Structure formats: C-alpha cells, structure tokens
Amino acid sequence: MAGFNLYNTLTKKTEEFKPNENGKVRMYTCGPTVYHFAHIGNLRSYIMEDVLEKYLRYMGYDVKRVMNITDVGHLTSDADSGEDKMLKGAKREHKTVMEIAEFYRKAFFDDCARLNIKTPDVIEPATNCIPGFIHMIEGLLSKGYAYEAGGNVYFDTSKLKEYYVLSSQNEEYLKTGVRDDVEEDLNKRNKTDFVLWFTKSKFDEQELKWESPWGTGYPGWHIECSYISIKHLGEYLDIHCGGVDNIFPHHTNEIAQSEAYLGHKWCNYWFHVQHLNDQTGKMSKSKGVFLTIPVLEEKGYNPLVYRMFCLQSHYRKPLLFSFDVLDNVKTTYEKLVNKVTALGTDGELEKNDIEEYKKHFNEALGNDLNTSQALTVLYDVLKSGLNDASKRFIVEDFDKVLSLGLLGGNAPAKEISKDLAGLAEKLIAERNEARKNKDFAKADAIRAELASKGIEIKDTREGTVWSLAR
Ligand code: AMP
Ligand code: ZN
C-alpha cells in the first residue's frame, strides 16, 4: 500500500495516514441539514470527501463510511440560538417537517448521483436515533459532564482539560465570530457550554418532540453526530470529515461529548474542506440566492463539469466560483471525454509504463490529495506514446477515484447540448405563460413535448427546473 500523507486539522500537520486497524478505515461524514437544496458549496465538500473515500479504497482499504441526515436540532446559528432550520423550511413551504426532510433528502442524493458521489455505506437520519441520544445524554449527566438548567440539558465545557482541541478559537472569537443572532443564554454556566437536549418554552412550536427524562423536547445538533458515529463505527474512529465551518463549534463539541462519554480519545484524523465562495463571500443558504446542481444543469452544464472544477483545486484552498472558469472547465472536460472516447483497444498492455504512471498518480493523491496534480498525470497519459489499450486501462483505473465518467463506467450524466438547453428554456417559458393564463391543457401539452425530448421538469418554489430523464 502506498504511503498517504494527509493534513490533519487535529495536529495541524500533514501526517502519514494510519488507521486503527490494519487495512480497515472507519470514516464519518456530517450529512446535510435537509431543509433546502444543497448548494454547490456544500457539494464541493461532498465531492472532495468522495475523492478521499475512493482513494482510500483505491489503495486497498476496506472503508466503512457513515453519514447522518440532520432532520432535527440544527438551529439557524450553529451555536444554540435562532430557529430550527427544519421548522424554518417547513414554514417556508407550508409543509410538515417530515415532508421537507423527505423531499430534500431525495434531492441531495439525486445531486450526489449526478456528481458520481458514492452513497455512504450507512445513512442514518437523526430522528431515527432519539432513544440513543437520550441514553448518551444520561451517560454524560451521570459522569458529571452535563447539567440541567431552565429545562434544558447542557454540556459543561469547564469539566474538560482542553476544549479547543481542534481550533485556535478563543474567548475573543466567541464574542465576535459567532455574533450573528446569538442571544445570551442565561442558563449556561460557561459561555462555551452547549445544549444536548432542548425543552425550553421558546421552542414550543417545534413540530417534532419526544418524551425524555427531562421533559418533552428534542436533541441538540452536535449530539447527533457523536451518537450516530459511535453507533455504527464503534469507539475508535479513524477519520471524520466536513467543511471548515464545521470545525467550530460543531466538531469541537462532537469531540468534547464523545471523549467525555467514552473516556478516551475518539477520532485520529480530521479532514476539512475549504469553502466555495462567490463574489460576495462564502456561498450560503442564508443569503437566499445560491447555485444548485439542477440550476447548473438548467444552464446546460453537465454536473461532472462541476466535479472537475472542484478537482482542479486543492481542497484546502478557498475556491472562487465563476461561470467564466466553469465555461473553461466545460471545454476542457468535453475535450477530455472526446479524447478518451476516441481511444481504441489496440495493443498489449505496456505493464511497466502503466506502473510508472500509477506511481505518479499515487504520488499526487498521496500528497494530501493533490487532485489537480492527479489530473495532470491523466493528461500526461493521454499525451504519451502508449498504445490505446494501455491508455484506456489507465484512464479506467484513475477514474475509480476521479469519477469523471470518462469511460461511462460511473454512470456519467448525459451531455446536454446547447440547442437542447435552449429549447428547454424556451418551452418552459411558454409553459409558465400558459399556467399564468390558466391554460392547463397547453401547459400539459408542453410538459409532454419536453418529455418526448427526454427532458424532465420539476416545479419548485425557486421556479421550474429541468434535467435530462435518467
Ligand atoms: P449543512 O447542510 O449546512 O449542514 O452543510 C453540509 C456540508 O457543507 C457541511 O460539511 C458544511 O461544512 C459544508 N459547507 C457549507 N457551506 C460550504 C461552502 N460554501 N463551501 C464548501 N462546503 C460548505
Ligand atoms: Zn456532524
């Protein structure tokens, strides 16, 4: 197995990755909060985590990856204030929380499928695990790491030897960094304490509530990930992933609870993906306007062009999104696919050269997942004097990790031609006009016409989105 050097947020160093058990990797990923579509920033994190998982598998590790689905407990501020995001989504769409959860969970995995992101081995919605959260909170209370106040249960951060193990956050940051809509909670003994279980009257309108020893209520967001990870991956986790905004407070609090509960070190490697930014800063749902995969498709981009856009940058560098750059990547991607498609099958496999290129590919990814360097190795292969059979063999091999659908093995999204995209836009505009005039027969006829061209449409609050039928 080749050496794999990976930056670890916990030690703030690039170190050789060594799992607890030889040949096995236990990997946990914070899943989406399913109150809205995932934006392409969220998906940058999931694309790079997918590359990480696939590279571990490529090296021969037996990986078990678990992801939660946050369908309760995540408030609009990552600290414990504001409104529950799920409730906010339900109000926005006049639906129940569970309807919202179901719809956006499906939308998330549709996006993942279009981006060739592998489905995790275990997907666990938080609402499935309420008795488990309660059990873990009872454990923390009995060990003296938690207290009840004002009806809620809080984690007592002053009981830890060190709280900021992951980040260099300090009191000053807390005063400024998490300022957005943070109301001071007078029940907290220390400013950094956080809620494990909510019952406070403030959350009376919360739709989903469960009985607990502390009254009817619901769990805090952080306890979800600690419990779900331990439930499926045991007491010793190899690697935990998320976007950099998760470092504090979410992952810091996960470590606090898990280690207090288990009584020993929990997770060895912390992998964090930097943000995707737009001209106004970090892409975020709270800004109201954000880009999604269906929107990119609507504009005529194959989702795998966006995957390639992400792979061209290092995951630890902030990435600025622009359509100009995406257009360049689109051209590069199309050329790459055309070149690969044109490869024949002639020739004997040139084993020594193949090994040499694989070595370079491993050197690139083994160097803190340098995906842009890995792409360069792929171009080198295509430019080389190797015969077509050898080139094809290598492309297929590298695409197990890159997953750009180069040989069709990864269910590539179908190419959308500019003409088809133009036609779809035109017909959707006509259909909207017909609907406005209550001419539903015409609207239905247009939908049927689109379907006959292989175009599926979906009416959302954000307008009608279209995609190619799969
Ligand atoms: P959420 O659905 O808000 O819980 O976020 C899902 C994932 O996306 C988390 O791992 C976040 O850290 C990550 N994330 C949020 N915003 C961005 C962004 N602009 N760029 C990259 N990752 C992000
Ligand atoms: Zn989490």
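**Ligand and zinc sites in the predicted model**

Ligand 1 is surrounded by 19 residues (those with a heavy atom within 4 Å of it), the closest being Thr33, Gly41, Ser45, Asp245 and Leu276. The structure is a predicted model, in which local features need pLDDT of at least 70, side-chain atom pairs count only at pLDDT 80 or more, and totals for chains, interfaces and linings use all residues. Residues are numbered from 1 along each chain as its sequence is written, ligands are numbered from 1 in the order in which they are written, and side-chain values use heavy atoms, without hydrogens and water.

By class, the shell around ligand 1 holds four nonpolar, 12 polar and three charged residues; Ala, Val, Leu, Ile, Met, Phe, Trp, Tyr, Cys and Pro count as nonpolar, Asp, Glu, Lys and Arg as charged, and the others, Gly among them, as polar. Helix α1 contributes the largest share of this shell, four residues (helices are DSSP runs of H or I with at least four residues).

A nitrogen atom of ligand 1 lies 3.1 Å from a polar backbone atom of Gly41. Oxygen atoms of ligand 1 are found 3.0 Å from a polar side-chain atom of Asn42 and 3.1 Å from a polar backbone atom of Gly243.

The zinc ion (ligand 2) has as protein donors Cys30 (SG), Cys225 (SG), His250 (NE2) and Glu254 (OE), at 2.0 to 2.7 Å; donors are N, O and S atoms within 2.8 Å of the metal (3.2 Å for Na, K and Ca). Their spacing along the chain is C-x194-C-x24-H-x3-E. Cys225 in helix α6 (residues 221-233) and Glu254 in helix α7 (residues 247-262) are 29 residues apart.

How values were computed
Helix = DSSP H or I, 4+ residues; strand = E, 2+ residues; numbered from the N terminus. Polar contact = N/O pair within 3.5 Å; in protein donor to acceptor, adjacent residues only side chain to side chain.
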